[in-house]
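Visitor: I've got the coordinates open on my bench laptop and a cup of coffee in hand. Please take me through this one bit by bit.

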Amino acid sequence: MTSTSILKKYSFVNAIKKISGLSPAGVLSLTIAALSLILYAAFPVNCAESEQHNNNLLCLGEQKKVEDSTALFNNAKNILPLKNLEKRKIACISIDSEHSTPFTGMLRKYSQVTSFSVTGGSFKISDMKELNRKLKTFNTVIIQATGKALDTPRVFKFINNLRKTKQLIICAAGESGILKNTDKLSYPVIITPMDSEISAVYCAQAVFGGVSISSNGKCLSPVRLKYTVPEDAGINCDDLKPVDEIMDEAISGKATPGAVIIVVKDGKVIFEKSYGYHTYDGKQAVSTTDIYDLASITKSAATTIAVMRLYEQKKLILERAVSSYIPETRRTNKKNITVKELMTHEAGLSPSLDFSRYITKDDYRTKYSAAYSVRVTDKYFLRKNYYKKNMWPRILKSPVETRGRYVYSDIGMFFVKELVERRTGQSFYKYLNNNFYIPLGMQTSGFNPRERFSRERLVPTEVDDYFRNTTLTGYVHDQAAAMTGGVAGHAGLFSDGNDLAILFQMLLNRGSYGGATYFRGETVDSFTAKCSDLNRRTLGFDGWDPESRYGFPSSMASRKIFGHTGFTGTCVWADPENNLIFIFLSNRTYPKTPNKLASMNIRSRILNVLYEAISKSTTAETAR
């Protein structure tokens, strides 16, 4: 039953229907408008907020009805929720669906999906052959169709032919004869009697395990993120309105030209919003799918998770000297430094090194060639093997002056990246991609995004007029990382917000996500817990700071919070006690680097709003 049919029960709605001749949906719109006017008269200040909250509650009510009436059949082989995403190439075919856009859009939250749309009534043999040709390289096909379309003999024949070479999943909306034949089919079928946007979104999430669904009398629990409204996590959306006000202040105060904010509570994405523009010229609005330079978040979202895997596999020992893994350090002042000291920034290394000052005219060219193949920007190419021949020797000779004290250092991550590559026998990026990003369904996280994405999705970070003399778009902001070819242990990772939400939800789950285990729970606990009396940091993550003036990252955060910030104006924080993830992506360094984002305390203030909303939610729940 939909929210429209609920309202049909009331006599005043029926009266309006008779008088106006409107459809039930029209009556619903008219009724909401009338109620809005009444509410405005009584509560003019809070009208808009209350309307959104009430709409969200209606949405939740309809979600519940979809969930209660939708079922999964033929899943004895546990095909759903889909697993092994790294082995799948997925296509979606929408047949006669008015809701193909929200359906495919939701599928793409979980994995890369190529979509096709066809009309069942005019589905010719020639169309069938052409679609089969396009599907040749795909091994998994999701069919979204109305019940009426599925009952068309030619469509049903096409689908049954596909099952011979593809893993099929059917999502049927509305009345369908397929329900009578489910026991004769060999592939999973999701059937929902409702044909609406909410049911389409629900079914898409059910395919990947973002929502629970009934199957053979059992309830399959969620194994991936769910995308929903704040009220689904017990939070009133009205209590999140101050986030908009803080972001208006940030953009008008030129702390950043724009940003993306994502909030995950209890495994549910309850807030996903973009603000402002790519640059202050206001030409391109920010989208939630835009890709940002994460800067030092790379240390946690790339380097640290690689170390965690090697630690679990006993391929490295944290207390062992780095010289055990990198022979070149044995005759240097680094020979006794431990892996743990590198991970906690207590190795005594310099914060950074100015590598660019040593570049000569012979070291670079403005055009690519086999001899000058290290791309720094479109018109700046360093000599092949420049890192190994020029940068690495300087790193090995760099000073060790503060060992045993906390000094935040990018240099330490150069050693850790070297360690990862030598212990795995793979390039840093390939190892991360194959072991984490692709299996998790992360589609944007990686290095050098210019090679994989259109420029429109890449948010510029700075107008560089001192080294590369260009606007940096899709090229890493950090100079040292740029000189390594864009792949480094301390910086270079790019991502959208959704990918970070997936990765950190896996960590909040203590190593599991999507039905797969990436780490043992005790490994996650060890690496995310404070492990030194000298500083607030964990093994590769940043943490809560009791000495911060405002409370870092928030005065209301639990002591177990972990995450990282990035120089470009980014941060990600995960709080196990509150089951909360906060992601903030911005390009505060554009066009230059004055840090108003920090001086205006933007990120911490937004995080405080989230904790206050959670507190109100908890208080309200206790009162009930």
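Visitor: Which strands stand at the edges of the open sheet of 8 strands?

Guide: Quick ground rules: this is a predicted model, with residues numbered from 1 along each chain as its sequence is written. Local features need pLDDT of at least 70, side-chain atom pairs count only at pLDDT 80 or more, totals for chains, interfaces and linings use all residues, and side-chain values use heavy atoms, with hydrogens and water left out. The sheet has the order 3-2-4-5-6-1-7-8, with mixed pairing; strands (E, at least two residues) and helices (H or I, at least four) are DSSP runs numbered from the N terminus, and two strands pair if DSSP finds at least two bridges between them. Two of these have a single partner strand each, so one side of each is left without a neighbour in the sheet: strand 3 (113-118) and strand 8 (218-220).

Visitor: By how many degrees are neighbouring strands of this sheet turned against each other on average?

Guide: Axes here are lines fitted to C-alpha atoms, for helices over the stretch in contact, and angles run from 0 to 180 degrees between N-to-C directions. With direction ignored, the average turn between neighbouring strands is 25°.

Visitor: What stands opposite I213 in strand 8?

Guide: Strand 7 (residues 213-215) and strand 8 run antiparallel, joined by 3 bridges. Opposite I213 you'll find L220.

Visitor: At about what angle does helix 5 run to strand 2?

Guide: Helix 5 (residues 100-107) lies across strand 2 (90-95), strand 3, strand 4 (140-146) and strand 5 (167-173). Contact, by the way, means heavy atoms within 4.5 Å. Relative to strand 2, helix 5 runs at about 165°.

Visitor: On to strand 10: how many of its residues are buried?

Guide: Buried means under 20% relative accessible area, exposed over 50%, and partly exposed in between (1.4 Å probe, protein chains only). G258, V260, I262 and V264 point one way from strand 10, A259, I261, V263 and K265 point the other way, and all are buried. For strand 10 (residues 258-265), the count is 8 of 8.

Visitor: Which residue takes a positive phi in the hairpin of strand 10 and strand 11?

Guide: Strand 10 and strand 11 (residues 268-276) pair in the antiparallel sense over 8 bridges, and A259 stands opposite Y275. The hairpin has 2 residues between the strands, and the one with a positive phi near 55° is D266.

Visitor: And which residue in strand 25 is the bridge partner of I262?

Guide: Strand 10 is also joined to strand 25 (residues 580-586), by 7 bridges, and these two run antiparallel. I262's bridge partner there is I583.

Visitor: What covers the buried residues of helix 18?

Guide: In helix 18 (residues 521-528), the buried residues are G521, T523, V524, F527 and T528. Seen down the helix axis, they fall within an arc of 160°, so they line one face of the helix; that arc is taken from the directions from the axis to the C-beta atoms. The cover includes helix 11 (297-312), helix 17 (497-508) and strand 23 (562-566).

Visitor: Is K417 buried or exposed?

Guide: K417 lies in helix 14 (residues 411-424). Leaving aside neighbours within four places in sequence, K417 is in contact with F428, V487, A488 and G489. At 13% relative accessibility, K417 counts as buried.

Visitor: Which residues touch the most other members in the largest nonpolar core?

Guide: A nonpolar core is a set of buried Ala, Val, Leu, Ile, Met, Phe, Trp, Tyr and Cys residues joined through side-chain atoms within 4.5 Å. The largest has 119 residues, and those touching the most other members are V207 and F504.

Visitor: How many residues are in the other core?

Guide: Beyond its neighbours within four places in sequence, V207 is in contact with residues including L80, L107, I142 and I190. Apart from that largest core lies another, with I246, A255, A557 and L597 among its members, and its size is 33 residues.

Visitor: How far apart are the C-alpha atoms of L342 and V189?

Guide: L342 sits in helix 12 (residues 339-343) and is buried, with a relative accessible area of 4%. L342 and V189 are 153 residues apart along the chain, and their C-alpha atoms are separated by 51 Å.
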